[in-house]
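Student: I am new to this structure and would like a close look at one part of it. Could you take me through one helix with care, and then set it beside other places in the chain?

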Amino acid sequence: MKISLSKIKIFIFSILFFIPEGMSTIGETNFITNALFLNNKIIHYIIKLLYWTRNIVGISAIVIYILYRLYNVSYHRSKLKKVEASDILILFGIWVIFVSDRNNVNVYSVFILLSNCIGFYLISRKELLRDSEEYTNILLFVLTILLTINLGLAIKYPNGITTGKDYLSTPYYFFGTKNQTTPILLLMSMLSFLKVKYTKNKAECLCENMIIILNTFIMKSGTGLVCILLNLILNIFFGKKRLGWYNINNKNISILKKIVCCVIILMIGIVFFDLQKKFSWLIIDILKKDVTLSGRTFLWKKGIYQFQKPFCGYGYGHKIDLGLYGHNLIIELMVTTGILGVSIYFLFLAKAFAGPEIARRGVISVPLICAAIALIVGNISEAFIYNISQMAILCYMAYASIRIKKLEE
């Protein structure tokens with residue numbers, strides 16, 4: 001692979017925004033450090049420097065994008081009619097900061113979190129529109145390295161590189177707690193299937209997905225296992241003739257749409273109507289969990305009961321019970337951002353999900369749709385609202401298609 005300035009830039013940005021979350025727990029008093037070799041001052045300084053640099057880059061990306069949009073509004077009034085997914089995401093970020101401030105939440109920490117998420121999304125948008133193939137290759141390369149390291153450390157330290165001092169003795173792996181790694185596993189799998197279009201190397205795709213599967217099993221993530229297996233099954237079924245970007249008939253498009261709708265209905269049914277009891281054979285016999293989904297159903301009921309601020313919510317970081325957050329995307333949005341926050345976020349999702357179908361051409365990317373379906377399932381028992389990997393998948397949904405359309409034209 002020929003090295004260029006743009007490739008070096010993408011590589012650095014990828015490293016910055018995918019700093020392993022587990023590293024932030026090394027040496028902290030609330031965690032027992034198992035991987036002692038990581039607990040030294042040089043590594044601590046490097047991690048802090050990367051965090052500071054990421055914050056600066058994220059904020060700069062937002063400022064540049066806003067100035068760019070204002071310029072278009074001033075000199076090209078026709079652009080006013082075109083609202084992008086990025087614009088809605090920025091609006092959602094402003095709303096989260098506003099409601100958090102109203103509820104006396106530390107606005108600085110919320111601002112930094114949102115700057116990282118939105119900044120990364122905007123950088124990904126720019127790179128996808130410039131050269132989606134190059135961006136995919138480099139991002140996949142970075143994730144392969146990081147998840148290989150995660151796998152090695154998970155094997156050597158089965159209780160995580162650190163262990164939380166909470167009542168669950170939660171293990172923190174290189175990439176964080178086990179279920180929270182689900183989006184990055186899905187992102188790497190999606191990129192792997194997309195890359196087959198460019199390289200035709202199915203053996204490489206198989207090896208990359210084996211790294212993903214091994215990570216999932218070693219960390220014993222129930223949510224991750226369900227999502228990864230679903231993603232792989234859908235990719236194999238719909239992409240068996242040709243992987244990556246390609247034309248498929250209206251029947252298959254209709255099937256994929258129906259799957260997305262069914263999964264959304266499934267999420268609502270489980271959260272509000274205990275529909276998971278119908279799948280006790282899967283939850284109890286195969287996944288070795290209970291029908292309360294490790295107590296999540298009790299959290300959801302308390303979350304619904306706490307929905308007493310329907311307009312604004314309680315602000316970012318509100319804990320529903322015993323220091324635990326909502327463990328469901330809808331519940332977490334309802335409680336922390338209110339009905340308006342839910343509406344803005346789902347408007348952003350709708351705009352992003354509209355990306356894969358291009359202007360009556362019937363062109364669709366199987367890996368994107370499969371990853372999106374698996375993400376919806378993952379957000380039933382977790383809430384990846386501000387997760388960088390989920391942001392990456394949604395950005396691909398919204399903007400990778402535009403790049404393909406331009407190439408075809």
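Tutor: What follows starts with one bent helix and then moves outward to other parts of the chain.

Please keep in mind throughout that this is a predicted model. The chain has 13 helices and 5 strands, and of its 409 residues, 53% count as buried. Among contacts between residues at least 6 apart in sequence, 74% join residues at least 24 apart. The surface that the chain exposes comes to about 19800 Å², and carbon and sulfur atoms supply 67% of it.

The part I would choose for the close look is helix H11, which covers residues 329-353. If this helix of 25 residues were straight, it would span 36 Å at 1.5 Å a residue, yet its end C-alpha atoms are only 17 Å apart. Where does H11 have its kink? The kink is centred on Thr337, and it amounts to about 125°. At the start of H11, there is also a contact between a side chain and the backbone, where a side-chain oxygen of Asn328 reaches to within 3.0 Å of the backbone nitrogen of Ile330.

Just ahead of that start, His327 lies in the loop between helix H10 (296-305) and H11. The phi of His327 is near 55°, a positive value in a residue other than glycine. Most residues other than glycine have a negative phi. Is His327 buried or exposed? With a relative accessible area of 14%, His327 is buried, because it falls under the 20% limit for that class. Another positive phi, near 60°, belongs to Asn104, which is found in the loop between helix H3 (85-102) and H4. Asn104 counts as exposed, because its relative accessibility of 73% is over the 50% limit.

Helix H7 (residues 222-238) makes a useful companion to the bent helix, for its 17 residues reach 24 Å from the first C-alpha to the last, close to the 24 Å expected at 1.5 Å a residue. At the start of H7, a side-chain oxygen of Ser221 reaches to within 2.9 Å of the backbone nitrogen of Gly224. That same Gly224 is one of the buried residues of H7, and others among them are Cys227, Ile228, Asn231, Leu234, Asn235 and Phe238. An α-helix has 3.6 residues a turn, so residues three or four places apart point the same way.

Single residues in other helices add detail to this picture. Ser192 is found in helix H5 (residues 182-199), and at 1% relative accessibility it counts as buried. The side chain of Ser192 is joined to that of Glu208 by a polar contact of 2.7 Å. Leaving aside residues up to four places away in sequence, Ser192 touches Leu140, Cys205, Glu208 and Asn209.

Asn116, in helix H4 (residues 107-156), is likewise buried, with a relative accessible area of 6%. Its side chain makes a polar contact of 3.3 Å with the side chain of Asn55. Asn55 also appears among the residues that Asn116 touches, together with Phe17, Arg54 and Ile388, when residues up to four places away in sequence are not counted.

Leu266, which lies in helix H8 (residues 250-273), counts as partly exposed at 23% relative accessibility. Leu266 and Val377 are 111 residues apart in sequence, while their C-alpha atoms are 8.5 Å apart in space. The residues that Leu266 touches, again not counting those up to four places away in sequence, are Leu275, Phe279 and Ile380.

Finally, beside the helices there is an open sheet of 3 strands, arranged in the order E1-E2-E3 with antiparallel pairing. Strand E1 (31-33) and strand E3 (171-172) stand at its edges, and each has a single partner strand, so one side of each is left without a neighbour in the sheet. Strand E2 (residues 162-164) is joined to E3 by 2 bridges, and the two run antiparallel. Within this pairing, Thr163 stands opposite Pro171 in E3.

To return to the part we began with, H11 is the helix with a kink of about 125° centred on Thr337, and its end C-alpha atoms are 17 Å apart.

Notes:
Residues numbered from 1 in each chain as written. Predicted model: local features only at pLDDT ≥ 70, side-chain atom pairs only at ≥ 80, totals over all residues. Heavy atoms only, no water. Helix = DSSP H or I, 4+ residues; strand = E, 2+ residues; numbered from the N terminus. Expected span 1.5 Å × (residues − 1). Bend = angle between axes of the 7 residues up to and from the residue. Polar contact = N/O pair within 3.5 Å; in protein donor to acceptor, adjacent residues only side chain to side chain. Buried < 20%, exposed > 50% of the residue type's maximum accessible area, 1.4 Å probe, protein only. Contact = heavy atoms within 4.5 Å. Pairing = 2+ DSSP bridges. Areas by Shrake-Rupley, 256 points an atom, 1.4 Å probe, with all protein chains shown as cover.
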